[in-house]
2 protein chains.
Amino acid sequence: MYFLEIKQAFEMDILIQHSKGTSDNGSTTEEKILHGACELFAHQGFQDTTVQQICRKADANIASVNYYFGSKGKLYIAAWTYAARLAEEVDGPIDESLPPEEWLRSVVQQRIKMMFSDGPGGWFPLLIHNEIHNQSVYFDEVVKTFLVRVRKQFNRKVAAYLGPEATPFQIESAVSAIMGFMPMAGQMRHHQKLQLDSDDLAQLTRQTQTYILGGLKAVKRLIQKEASR
Amino acid sequence: MYFLEIKQAFEMDILIQHSKGTSDNGSTTEEKILHGACELFAHQGFQDTTVQQICRKADANIASVNYYFGSKGKLYIAAWTYAARLAEEVDGPIDESLPPEEWLRSVVQQRIKMMFSDGPGGWFPLLIHNEIHNQSVYFDEVVKTFLVRVRKQFNRKVAAYLGPEATPFQIESAVSAIMGFMPMAGQMRHHQKLQLDSDDLAQLTRQTQTYILGGLKAVKRLIQKEASR
DNA sequence: GTCTATAGGGGGATAGAC
DNA sequence: GTCTATCCCCCTATAGAC
């Protein structure tokens with residue numbers, strides 16, 4: 001039963017998070033700063049995070065950010081790289097050769113898992129979420145380095161699914177609609193104080209997968225109908 | 001043909017925007033400040049908008065914001081009320097008695113129209129967009145005053161569509177997924193520099209409607225299947 | 001009502017002692 | 001490497017002249 005598989009994956013994830021321990025702050029001051037900064041940037045974004053907060057969390061002096069990283073901005077970029085590595089540790093890359101539907105299912109499950117994991121594995125999607133909706137001066141750099149590749153993957157998979165009749169604009173629109181589920185998950189995580197257990201997450205995942213694939217299928221029918229006129 | 005109807009609605013809208021003229025800044029200093037502030041808050045959010053910018057745009061002195069509105073925060077609240085009124089002028093409230101599918105179609109069309117209109121009619125959804133993704137200290141107040149009602153409307157319509165088997169959590173998840181199209185539209189508006197004409201907007205609207213209703217239908221089937229086990 | 005000048009706070013960054 | 005003290009900039013808000 002597919003639902004049970006998803007649920008078990010979430011339960012497994014909880015175990016892994018605990019065994020790794022979220023207190024893996026690193027030992028040196030530099031590591032502690034990077035780790036703490038990453039968490040703060042992920043939850044508050046670049047602007048709302050101050051150097052003071054970072055140093056307080058890392059038990060370091062106010063001047064150490066500039067000593068080790070040169071500036072708050074360079075630390076921010078370093079945090080992105082760090083978060084991307086952590087996210088890959090929790091959940092490796094998804095098999096590119098999967099057919100579009102399966103690939104989308106996997107991506108949805110992985111992202112929801114990341115989003116709702118309280119651990120460092122969830123920081124990367126949170127960074128993305130914050131940067132997209134509250135652009136810093138590093139937006140272009142960050143998009144080019146970390147996001148373009150993912151977006152292109154989405155485009156390829158959706159294009160393959162929709163068929164050759166779909167125009168680039170239609171593909172773009174569809175991808176945007178699909179990726180809308182990520183802020184959605186972020187919203188549910190942030191504002192609804194409800195604590196979701198692995199059952200809820202499995203259901204949320206299943207429903208989101210169903211919604212996305214159902215929507216996409218309808219769009220495909222629409223495109224084909226219009227093309228055959 | 002439904003597609004043509006949508007397209008004509010967009011063309012009409014462009015005419016209306018032009019006839020009203022976006023230079024309706026008001027005459028008194030107070031009105032000019034309110035109008036300019038509203039536009040800036042809509043495009044940049046509360047934090048990133050400074051009193052200096054507002055006064056520059058309104059051709060007013062730096063001290064006049066506090067003279068007329070007491071503080072930047074009170075001006076922000078006033079701007080929300082103002083934007084809500086402007087949005088209603090462009091597009092009156094949607095008929096509550098419509099069946100869920102038609103209601104959702106109308107909402108999608110209206111929101112996309114608002115989002116992509118460069119005029120004051122689009123400021124309200126932009127304010128929402130910014131406040132949700134970059135909360136100010138006025139978040140709770142603004143949500144209570146302007147947003148709770150809309151969210152509840154969505155909940156009712158979606159609950160009616162999904163049927164009595166749907167749990168509150170399932171309804172919430174579905175509504176969140178649906179409302180994800182709004183940030184999506186915001187993204188397309190902001191980052192893709194492409195200028196969309198009324199044809200593009202009509203197509204975007206149609207595709208988004210199809211996507212949402214297709215997704216919702218699939219979710220309904222899923223819920224009914226699970227309930228009948 | 002409108003203006004200038006300034007207070008008061010907070011942020012990032014750096015010099016220089018240890 | 002770590003710390004304190006300080007600089008400089010930008011923000012909001014207000015006092016007081018006109």
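This report describes chain A, the protein surfaces near two DNA strands, and one buried residue of chain B.

The model is predicted, and for that reason local features need pLDDT of at least 70 and side-chain atom pairs count only at pLDDT 80 or more, while totals for chains, interfaces and linings use all residues. Residues are numbered from 1 along each chain as its sequence is written, chains are lettered from A and ligands numbered from 1 in the order in which they are written, and side-chain values use heavy atoms, with hydrogens and water left out.

## Chain A

The secondary structure of chain A consists of eleven helices and zero strands, where helices (H or I, at least four residues) and strands (E, at least two) are DSSP runs numbered from the N terminus. Of the 229 residues in chain A, 54% are buried, a term that stands for under 20% relative accessible area, with exposed over 50% and partly exposed in between (1.4 Å probe, protein chains only). Chain A exposes about 11,000 Å², of which carbon and sulfur atoms supply 52%; such areas come from the Shrake-Rupley method with a 1.4 Å probe, and for residues only the protein chains shown count as cover. Among contacts (heavy atoms within 4.5 Å) in chain A between residues at least 6 apart in sequence, 73% join residues at least 24 apart.

Helix α11 of chain A, residues 198–227, has 30 residues and spans 43 Å from its first C-alpha to its last, close to the 44 Å expected at 1.5 Å a residue; the expected span is 1.5 Å times one less than the number of residues. Because 21 of its 30 residues are buried, α11(A) is largely enclosed by the rest of the structure. At its N-terminal end, α11(A) is capped by A:Asp197, which has a side-chain oxygen 3.0 Å from the backbone nitrogen of A:Asp199.

## The two DNA strands

A residue is near a strand if one of its heavy atoms lies within 4 Å of it. Around DNA strand D there are 14 residues, of which A:Thr29, A:Asn61, A:Tyr68, B:Val51 and B:Lys72 come nearest. Of the atoms of DNA strand D that come within 4 Å of the protein, sugar and phosphate account for 71%. DNA strand C also has 14 residues around it, with A:Val51, A:Lys72, B:Thr29, B:Asn61 and B:Tyr68 nearest, and 70% of its atoms within 4 Å of the protein belong to sugar or phosphate, the rest to bases.

The table gives polar contacts, which are pairs of N or O atoms within 3.5 Å; within protein, one must be able to donate a hydrogen and the other to accept it, and residues adjacent in sequence count only if both atoms are side-chain atoms.

| Residue and part | Phosphate oxygen of | Distance |
|---|---|---|
| A:Thr29, side chain | DNA strand D | 3.0 Å |
| A:Asn61, backbone | DNA strand D | 3.4 Å |
| B:Val51, backbone | DNA strand D | 2.9 Å |
| A:Val51, backbone | DNA strand C | 3.0 Å |
| B:Thr29, side chain | DNA strand C | 3.1 Å |
| B:Tyr68, side chain | DNA strand C | 2.7 Å |

The elements that give two or more residues to the surface near DNA strand C are α3 (51–57) of chain A and α4 (64–69) of chain B.

## A buried residue of chain B

B:Ile178 is found in helix α9 (residues 168–179) of chain B and, at 1% relative accessibility, counts as buried. Leaving aside residues up to four places away in sequence, B:Ile178 touches A:Tyr211, B:Leu104, B:Phe154, B:Val158, B:Ile212 and B:Leu216. B:Ile178 and B:Leu104 are 74 residues apart in sequence, and their C-alpha atoms are 9.3 Å apart in space.
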